[in-house]
Amino acid sequence: MAMRQTPLTCSGHTRPVVDLAFSGITPYGYFLVSACKDGKPMLRQGDSGDWIGTFLGHKGAVWGATLNNDATKAATAAADFTAKVWDAVSGDELMTLAHQHIVKTVDFTQDSNYLLTGGQDTLLRIYDLNKPEAEPKEISGHTSGVKKALWCSEDKQILSADGKTVRLWDHATMTEVKSLNFNMSVSSMEYIPEGEILVITYGRSIAFHSAVSLDPIKSSEVPATINSTSLHPEKEFLVAGGEDFKLYKYDYNSGEELESYKGHFGPIHCVRFSPDGELYASGSEDGTLRLWQTVVGKTYGLWKCVLPEEDSGELAKPKISFPGTAEEELEEIASENADSIYSSTPEVKA
């Protein structure tokens, strides 16, 4: 019986959502941070999209955002020439790290002691968060603005991408190990620690490489220009989104297209799987985030599978459920709830 995908729509941002990151799984669940051109990164409960709070302080578009594994700290990269580190529990700004140009990307080490940044000045910077007054270490070598920079190989190496080049760096020596050149601009990069896999998108291509050596693993072509791709934690599926407003889901091993959904009203800028693999999040030019089920129809988070009567002839349809609510009111309340929850954006509070 066919099942219809019913995404959760998370409103609140007023401009395009350009980056997303999940935390690891904590005793309180997992969390999701979003970067937006409105300059107000938001923190949400990862499995439901419920808004927790907004980090207030940037004076320009926020291009990158991340959470550490236990969701106690957040970091953001912005067009106001700063990266900021936040207490993700209280919402307090912990430090502002001044740069010489627009900052595009931020990433914590596994122990949260160091922050990696990159941006339009072509430099990678490593900040010791226990010594905020100290000057950062700098790595030069990129020839254009850095779009993405990630720690890899247990923080022993760094992956970074500029226009059409992906580079691998040795952390200890601060030198380039190897680089990859593409014939089109790199639109996104994701690192999967389990298996040391690097996922790169450019044009209509999705390429998988070894994060340790940059050797190719496989690549595939998709029907539209893709802005972002994410690989399932168990490496069963991959999802991709781009310029045609659609989300595509593929079997990682066979490359077969399994599903495609059109839910956003603008190009999709970023997609990410949750740490448990049960859902994936997408951020769009339309200013919204949407959460999608990996297995459609499974009861999870706010999704509850409600099967129709056998003789009704209707398609099975997963619904969004709220405790104590009549079934016929679910969709209307879900819509009203989204409008009321995200109508204001006070600072994060414990």
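What percentage of the contacts in the protein between residues at least 6 apart in sequence join residues at least 24 apart? The share is 42%. Please keep in mind as you read these notes that the model is predicted.

1. **The whole chain.** The secondary structure comes to one helix and 30 strands, so strand pairing takes up much of this note. Of the 350 residues of the protein, 55% count as buried. The accessible surface is about 14,900 Å², and carbon and sulfur atoms account for 49% of that area.

2. **The record.** UniProt, in an unreviewed entry, places the feature "repeat: WD" at residues 55-96, 96-137 and 261-293. If you would like to look at one of these spans in the model, take residues 261-293: the end C-alpha atoms lie 11 Å apart, and the span is 58% strand and 0% helix.

3. **The largest nonpolar core.** This core has 17 residues. Those with the most contacts inside it are L159, V166, F182, M189, L198 and I200. Two or more residues come from each of β14 (148-152), β15, β16 (165-170), β18 (186-192) and β19 (197-202). As background, nonpolar side chains in soluble globular proteins tend to be buried together.

4. **I200 and its surroundings.** I200 is a good place to centre your viewer if you want to see the core from one of its members. Leaving aside neighbours within four places in sequence, I200 is in contact with V166, F182 and M189, among others; these three are also listed with the residues that have the most contacts inside the core. Other contacts of I200 include L180, V186, S188, S205, I206, A207 and H209.

5. **Q157, a polar residue under cover.** Q157 lies in strand β15, which covers residues 157-161. Is Q157 buried or exposed? With a relative accessible area of 12%, Q157 falls under the 20% limit and is therefore buried. The side chain of Q157 makes a polar contact with the side chain of S153, at 3.0 Å. Beyond four places in sequence, the residues in contact with Q157 are L150, W151, C152, L168, W169, H171, V177, A211 and V212.

6. **D155 in the β14-β15 loop.** D155 lies in the loop between β14 and β15. This residue has a positive phi of about 70 degrees, although it is not a glycine. For comparison, most residues other than glycine have a negative phi. D155 is buried as well, because its relative accessible area of 15% is under 20%.

7. **The β20-β21 hairpin.** Strand β20 (residues 205-210) pairs with β21 in the antiparallel sense over five bridges. The bridge partner of A207 is S219 in β21. There are five residues between the strands, and L214 in this hairpin takes a positive phi near 70 degrees. Why does β21 lie largely in the open? Strand β21 has six residues (216-221) and the number buried is zero, so the strand lies largely in the open.

8. **From β23 to β25.** Strand β23 (residues 237-242) and strand β24 (residues 246-251) pair in the antiparallel sense over five bridges, with L238 opposite Y250 in β24. Five bridges also join β24 to strand β25 (residues 257-262), again antiparallel, and here the bridge partner of K249 is E259 in β25. β24 thus takes part in both pairings.

9. **The turns of those hairpins.** The β23-β24 hairpin has three residues between its strands, while the β24-β25 hairpin has five. In the turn of the β24-β25 hairpin, G255 has a positive phi of about 80 degrees. F245, in the loop between β23 and β24, has a positive phi of about 70 degrees although it is not a glycine. F245 is partly exposed, with a relative accessible area of 26%.

10. **V296 and P7.** Which residue lies 289 places away from V296 in sequence and 9.8 Å away in space, C-alpha to C-alpha? That residue is P7. V296 is found in the loop between β28 (289-293) and β29 (303-306). Although V296 sits in a loop, it is buried, with a relative accessible area of 15%.

Note on methods
Residues are numbered from 1 along each chain as its sequence is written. Side-chain values use heavy atoms; hydrogens and water are left out. Helices (H or I, at least four residues) and strands (E, at least two) are DSSP runs, numbered from the N terminus. Buried means under 20% relative accessible area, exposed over 50%, partly exposed in between (1.4 Å probe, protein chains only). A polar contact is a pair of N or O atoms within 3.5 Å; within protein, one must be able to donate a hydrogen and the other to accept it, and residues adjacent in sequence count only if both atoms are side-chain atoms. Contact means heavy atoms within 4.5 Å. A nonpolar core is a set of buried Ala, Val, Leu, Ile, Met, Phe, Trp, Tyr and Cys residues joined through side-chain atoms within 4.5 Å. UniProt positions are given in the numbering used here, feature names are shortened, and annotations may be inferred rather than shown by experiment. Accessible areas come from the Shrake-Rupley method with a 1.4 Å probe; for residues, only the protein chains shown count as cover. Two strands pair if DSSP finds at least two bridges between them.
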